[in-house]
Amino acid sequence: MKEPTPRALLLTLIVLLVLAGVSLAFRFAHLGDFGFAVALGIAAIKAVLVALVFMEITIEKPTVRFAFAACLSLFALMIALLVGDIVTRSPPPLGPPPGTEARYKG
Amino acid sequence: MREHVAGHFEDIEKQAHAARFGMWVFLGTEVLFFSGLFALYIGYRIEHPRGFDVGVEHNTLVYGSVNTAVLLVSSYFVALGVHELRLGRNRLSAWLVGLTILLGLAFLGIKTAEYLHHFADGIYPGGTGRFFEEHTDPGLKMFFTLYFCMTGLHAIHVLVGCGVLSFLLYKVATRSIGAWAPHPLAIGAIYWHLVDVIWIFLWPLFYLVTGHVR
């Protein structure tokens with residue numbers, strides 16, 4: 001695998017800017033609850049593009065890719081466990097302390 | 001050629017690999033460092049969707065969006081700078097790195113203007129200020145506390161990135177590094193790209209998305 005060419009770099013920038021424009025357009029499309037997944041999905045695609053082309057992870061040796069993959073796996077594990085905990089626990093773990101709910105109405 | 005290789009490396013290629021590996025491991029710790037804050041954001045957003053919606057609506061979309069474009073273009077310039085350095089075009093590379101630094105400073109300038117805008121509205125770090133007396137939803141305090149914490153930490157990273165790139169700009173301009181050993185600029189650029197990637201996620205979280213997470 002070779003380093004990206006200037007043409008590939010420019011093309012990547014254009015795609016990144018277009019994706020940013022799409023994210024912005026969806027902001028006004030009022031997708032409701034679906035909007036969160038769409039916006040973060042587009043952000044993930046942009047991040048992968050930056051990692052693949054600008055950060056040149058494809059030309060790195062397996063040791064480098066493994067080190068970063070381990071970090072991303074830990075990140076995904078933490079988010080998955082956290083979200084799983086919050087959406088399944090009752091009462092919610094991060095809500096207002098008991099007895100203080102009235103202060104927060106408004 | 002050999003004078004550019006540290007004594008404990010066989011050749012420049014192994015030295016460059018070790019440097020890149022070290023940078024990637026460091027970036028891994030940076031991701032984990034920010035991941036706690038992202039986890040907090042998701043957790044509190046699930047618990048306080050209304051407050052987070054109001055917070056997103058209150059943030060100025062133009063500031064965040066312009067800053068997104070600024071960082072994406074800066075990432076392109078520094079990547080191109082690395083490419084030119086590999087070809088031995090130090091002068092062009094130095095210009096591109098210089099442009100990257102300028103865009104980084106522009107990002108910080110826009111961020112400062114945005115913070116001042118918030119302060120004028122009575123929104124201060126830690127959920128203090130008159131804004132929170134008028135808006136008592138606890139989610140708003142969570143939102144703006146996370147906003148200042150995450151964007152502030154990110155801004156510090158941009159500042160550090162500008163410092164690192166300024167040092168590398170000096171090295172490129174004085175031909176201390178060049179086509180024979182471009183890896184110092186390459187690993188500095190990788191750091192800059194990570195700063196860009198973090199903003200790629202901060203932008204939708206604080207300026208774009210409304211609605212429930214689940």
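Student: At what angle do helix H1 (residues 6-27) of chain A and helix H3 (residues 61-86) of chain B pack?

Tutor: This is a predicted model: local features need pLDDT of at least 70 and side-chain atom pairs count only at pLDDT 80 or more, while totals for chains, interfaces and linings use all residues. Residues are numbered from 1 along each chain as its sequence is written, with chains lettered from A and ligands numbered from 1 in the order in which they are written. Axes are lines fitted to C-alpha atoms, for helices over the stretch in contact, and angles run from 0 to 180 degrees between N-to-C directions. The axes of H1(A) and H3(B) lie 10 Å apart, and the packing angle is about 170°.

Student: How are H1(A) and H3(B) oriented to each other?

Tutor: Angles under 35 degrees count as roughly parallel, over 145 as roughly antiparallel, 65 to 115 as roughly perpendicular and the rest as oblique. The angle here is about 170°. H1(A) and H3(B) are therefore roughly antiparallel.

Student: How many nonpolar residues does the contact of H1(A) with H3(B) have?

Tutor: Residues are in contact if their C-beta atoms, placed from the backbone, lie within 7 Å. A:Leu13 and A:Leu17 are among those of H1(A) that meet H3(B), whose residues there include B:Leu72 and B:Tyr76. Ala, Val, Leu, Ile, Met, Phe, Trp, Tyr, Cys and Pro count as nonpolar, Asp, Glu, Lys and Arg as charged, and the others, Gly among them, as polar. By class, this contact has no charged residues, three polar ones and a nonpolar count of 13.

Student: What pattern does chain A follow along the sequence?

Tutor: Helices (H or I, at least four residues) and strands (E, at least two) are DSSP runs, numbered from the N terminus. Chain A has three helices and zero strands. Its pattern is α-α-α.

Student: Which helix gives the most to the side of chain B that touches chain A?

Tutor: On this side, 44 residues of chain B are in contact with 43 of chain A. H1 (12-47), H3 and H7 (183-208) of chain B each supply at least two residues. With 16 residues, the top contributor is H1(B).

Student: Which helix gives the most to the largest nonpolar core?

Tutor: Such a core is a set of buried Ala, Val, Leu, Ile, Met, Phe, Trp, Tyr and Cys residues joined through C-beta atoms within 7 Å; buried means 20 or more other C-beta atoms within 10 Å of a residue's own, these atoms being placed from the backbone. The largest core has 73 residues, and B:Val97 and B:Ile190 have the most contacts inside it. With 20 residues, the leading helix is H7(B).

Technical notes:
Two residues are in contact if their C-beta atoms, placed from the backbone, lie within 7 Å. A residue is buried if 20 or more other C-beta atoms lie within 10 Å of its own, exposed if 12 or fewer, and partly exposed in between; C-beta atoms are placed from the backbone.
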